[in-house]
Amino acid sequence: MSTGLGRITCFILEMDKLKAVLRKTKPVGLDRHENSAEHSWQVSLLALLLAPHAREPVDVLRVVEILLIHDIPEIDSGDRIVYEVPIAARASAERRAAHRIFGLLPESQAEWCLSRWEEYEARASKEAVFAYAVDRLMPVLQNLENGGQSWRENKVPMERVLTVNAAIGEALPAVWERVRTLVEEFARKEGGF
């Protein structure tokens, strides 16, 4: 294999490690936590399906690119529940992980991956804002279906759920309107947390 193909092979085999990064949410109907690879696939599919509902048109291919890339640094840094307060050390660890992992690729592809990851982290485009909204939406849907499983296990107050996930409304206002109502109904029924 040429050097470029060897580096691509090395990178793609490194991606297998994403399957071992467990998230806080369980797949609907299963008694195990989902992994980051499953999540990346599912949010990519959700983005394709919800693109017609975006506040403004988005380049859905770019959104999918972003979503397929956005969690890769978790191979080194692990998953972080979105309801935690961001810590500078955590962001620095994720950036180091992004550089190490994407650095396995040939330079032009490494730069491409890093640019998509940075675009997502900074919400630097309407596509990144949309990707972030879809990324927030999927666990909310899973929690609503699973009786608030990860919210309960991680003691996340309903106010925090609504505040953090309000970002969904920036890109998907009609979807957030409906989902926010479902979360509020869930909180009333369950007496909040």
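A residue counts as exposed when its relative accessible area is over 50%, as buried when that area is under 20%, and as partly exposed in between. Lysine 155 has a relative accessibility of 71%, so this residue counts as exposed. The structure is a predicted model. This briefing covers its pockets, its salt bridges, a nonpolar patch on the surface and two residues with positive phi.

**Largest pocket**

- The largest pocket has a volume of about 700 Å³.
- Its lining is made up of 36 residues, and those nearest the centre are Arg80, Ile81, Val82, Glu94 and Arg136.
- Six helices each give two or more residues to this lining: H4 (74-77), H5 (88-102), H6 (107-122), H7 (126-145), H8 (149-153) and H9 (158-165).
- Helix H7 gives the most to the lining of the largest pocket, with five residues.
- By class, the lining of the largest pocket holds 15 charged, 13 nonpolar and eight polar residues.

**Second largest pocket**

- The second largest pocket encloses about 270 Å³ of space.
- There are 17 residues in the lining of the second largest pocket, and Phe11, Ile12, Met15, Leu68 and Ile72 lie nearest its centre.
- The elements that give two or more residues to the lining of the second largest pocket are helix H1 (3-14), H2, helix H3 (60-69) and H6.
- The lining of the second largest pocket divides into 13 nonpolar, two polar and two charged residues.

**Salt bridges**

- The structure has 18 salt bridges.
- One of them joins the side chains of glutamate 14 and lysine 17, with N and O 3.1 Å apart.
- Glutamate 14 has a relative accessible area of 10%, so glutamate 14 is buried, whereas lysine 17 is partly exposed at 45%.
- Another salt bridge links the side chains of aspartate 16 and lysine 19, at 2.9 Å from N to O.
- Aspartate 16 is partly exposed because its relative accessible area is 43%.
- Aspartate 135 and arginine 136 form a salt bridge in which the closest N and O atoms are 3.3 Å apart.
- Both aspartate 135 and arginine 136 are buried.
- Glu14, Lys17, Asp76 and Arg100 belong to one network, joined by salt bridges that share partners.

**Nonpolar surface patch**

- Trp41, Leu45, Leu48 and Leu49 make a nonpolar patch of about 430 Å² on the surface.
- Leucine 45, one of the patch residues, is found in helix H2, which covers residues 36-50.
- The relative accessibility of leucine 45 is 38%, so leucine 45 counts as partly exposed.

**Residues with positive phi**

- Arginine 123 has a phi near 50 degrees, which is a positive value in a residue other than glycine.
- Arginine 123 sits in the loop between H6 and H7.
- With 30% relative accessibility, arginine 123 counts as partly exposed.
- Lysine 155 also has a positive phi, near 50 degrees, and is a residue other than glycine.
- The loop between H8 and H9 is the place of lysine 155.

Conventions:
Residues are numbered from 1 along each chain as its sequence is written. This is a predicted model: local features need pLDDT of at least 70, side-chain atom pairs count only at pLDDT 80 or more; totals for chains, interfaces and linings use all residues. Side-chain values use heavy atoms; hydrogens and water are left out. Patches are made of residues with over 30% relative accessible area and no salt bridge: like charges are joined within 9 Å, nonpolar side chains (Val, Leu, Ile, Met, Phe, Trp, Tyr) within 5 Å. Accessible areas come from the Shrake-Rupley method with a 1.4 Å probe; for residues, only the protein chains shown count as cover. A salt bridge is a side-chain nitrogen of Lys or Arg within 4 Å of a carboxyl oxygen of Asp or Glu. Helices (H or I, at least four residues) and strands (E, at least two) are DSSP runs, numbered from the N terminus. Buried means under 20% relative accessible area, exposed over 50%, partly exposed in between (1.4 Å probe, protein chains only). On a 1 Å grid over the protein atoms alone, a cavity is a set of points where a 1.4 Å probe fits but cannot get out, and a pocket is an open set with protein on both sides within 12 Å along at least five of seven lines; lining residues have an atom within 4 Å of a point. Grid points are joined across faces, edges and corners, and a volume is the space filled by probe spheres set on the points. Ala, Val, Leu, Ile, Met, Phe, Trp, Tyr, Cys and Pro count as nonpolar, Asp, Glu, Lys and Arg as charged, and the others, Gly among them, as polar.
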